[in-house]
Amino acid sequence: MPTDFRTVPRYFVTGALSATFGNAAANIVDLSVRGARLHMTQPFTIGSSMHFRVEAAGQIISVQATVSWCRMAALALDEHETDRYLVGVMFDSEQPAVTKVIDDLVAAEMAMRIEDARDAERYEITTQLTGSYGMHSPIRILDLSIRGARLGTDRQVPAGTVGSFRFRIDRKHIDVNAEMVWCRASERRGGFECGLRIEGEEALLRQVIAQLCTQNHARVDLQSMRRKFDPIHGEKQPGVLALV
């Protein structure tokens, strides 16, 4: 049986969505009409077939599913914790009812198409890159994506503030409108770290990121990628060792 169901769109579930696989409880990490990726507390043998059931958005999905892969995600180090696993399962046939579940999750901002999420991956700035935001100058640009940025500032900027985000790469001046989404004290650098939301400038920012990467001034933030697509990784829980 083919193990690759990436020919159909997959959706990363950002909220809690419980399911059962066989007699075991599971949390859904991502979902498509062909299968799912599950977070579980027990392993399963590749090729084993179990009943998969999830109830969401007024729909009940109840279907036979086959394990296509299984790997440990976190190892418990004491008796108060349990080992955790990621399990990939394929449905025996496409499930059109899953489309309704996915549509409702997306509308509630509880799911995002994985291809879209990857396109908005963050890039860590590896050189000194400064600019300004509204009346605040200079600010340091810590990371960048096609839909936002993370800044370092010496003063707090209230969430909801809207202003011009400006910086320069070589001789090119970048000036985009941005909204401050969050701002908090920096644990490592002193001052504050802030998150900007930028809309409608994807093409421009994609060019900027490509140029920075070509010059070795930016690299993909692997930690944010792991947290996004394997949310177990990066969790800091007592007695649990994450295996990457």
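Leu205, Val208, Ile209 and Leu212 are buried in helix H3. They span an arc of only 95° around the axis, so they sit on the same side of H3. Ala203 and Thr214, on the other side of H3, are exposed. This is a predicted model.

**Helix H3 and its cover**

H3 runs over residues 202-214. Its 13 residues reach 18 Å from first C-alpha to last, close to the 18 Å expected at 1.5 Å a residue. Several strands help cover the buried residues of H3: the cover includes S9 (123-125), S11 (136-145), S13 (162-169), S14 (172-185) and S16 (218-220). After H3 comes Asn216, with a positive phi near 60°.

**Helix H1**

H1 covers residues 97-107, and Val98, Val101, Ile102 and Leu105 are buried there. Seen down the axis of H1, the buried residues fall within an arc of 95°, so they line one face of the helix. Glu109, just after H1, takes a positive phi of about 60°.

The two helices can be set out together.

| Helix | Buried residues | Positive phi after the helix |
|---|---|---|
| H1 (residues 97-107) | Val98, Val101, Ile102, Leu105 | Glu109, about 60° |
| H3 (residues 202-214) | Leu205, Val208, Ile209, Leu212 | Asn216, near 60° |

**Strand S4**

S4 (residues 35-40) is mostly covered, with six of its six residues buried. Gly35, Arg37 and His39 point one way from the strand; Ala36, Leu38 and Met40 point the other way. Both sets are buried.

S4 has pairing partners in S3 and S7. S3 (residues 24-31) runs antiparallel to S4, and four bridges join them. A hairpin of three residues links S3 to S4. S7 (residues 84-91) pairs with S4 over six bridges, also in the antiparallel sense. Which residues face Arg37 of S4? Asp30 stands opposite Arg37, and Gly88 is the bridge partner of Arg37 in S7.

**The nonpolar cores**

In soluble globular proteins, nonpolar side chains tend to be buried together. Here the largest nonpolar core holds 31 residues. Phe21, Ile28, Leu38 and Phe52 touch the most other members. S1 (11-13), S2 (18-21), S3, S4, S5 (49-56), S6 (59-76), S7 and H1 each supply at least two residues of this core.

What does Phe21 touch? Leaving out residues up to four places away in sequence, the contacts are Leu38, Met40, Phe44, Met50, His51, Phe52, Ala65, Val67 and Val89. Leu38 and Met40 belong to the buried set in S4.

A second core is separate and has 26 residues. Its members include Ile141, Leu144, Leu151 and Leu205. Leu205 is also one of the buried residues of H3.

Notes: Residues are numbered from 1 along each chain as its sequence is written. This is a predicted model: local features need pLDDT of at least 70, side-chain atom pairs count only at pLDDT 80 or more; totals for chains, interfaces and linings use all residues. Side-chain values use heavy atoms; hydrogens and water are left out. Buried means under 20% relative accessible area, exposed over 50%, partly exposed in between (1.4 Å probe, protein chains only). Two strands pair if DSSP finds at least two bridges between them. The arc is that of the directions from the helix axis to the C-beta atoms. A nonpolar core is a set of buried Ala, Val, Leu, Ile, Met, Phe, Trp, Tyr and Cys residues joined through side-chain atoms within 4.5 Å. Contact means heavy atoms within 4.5 Å. The expected span of a helix is 1.5 Å times one less than its number of residues.
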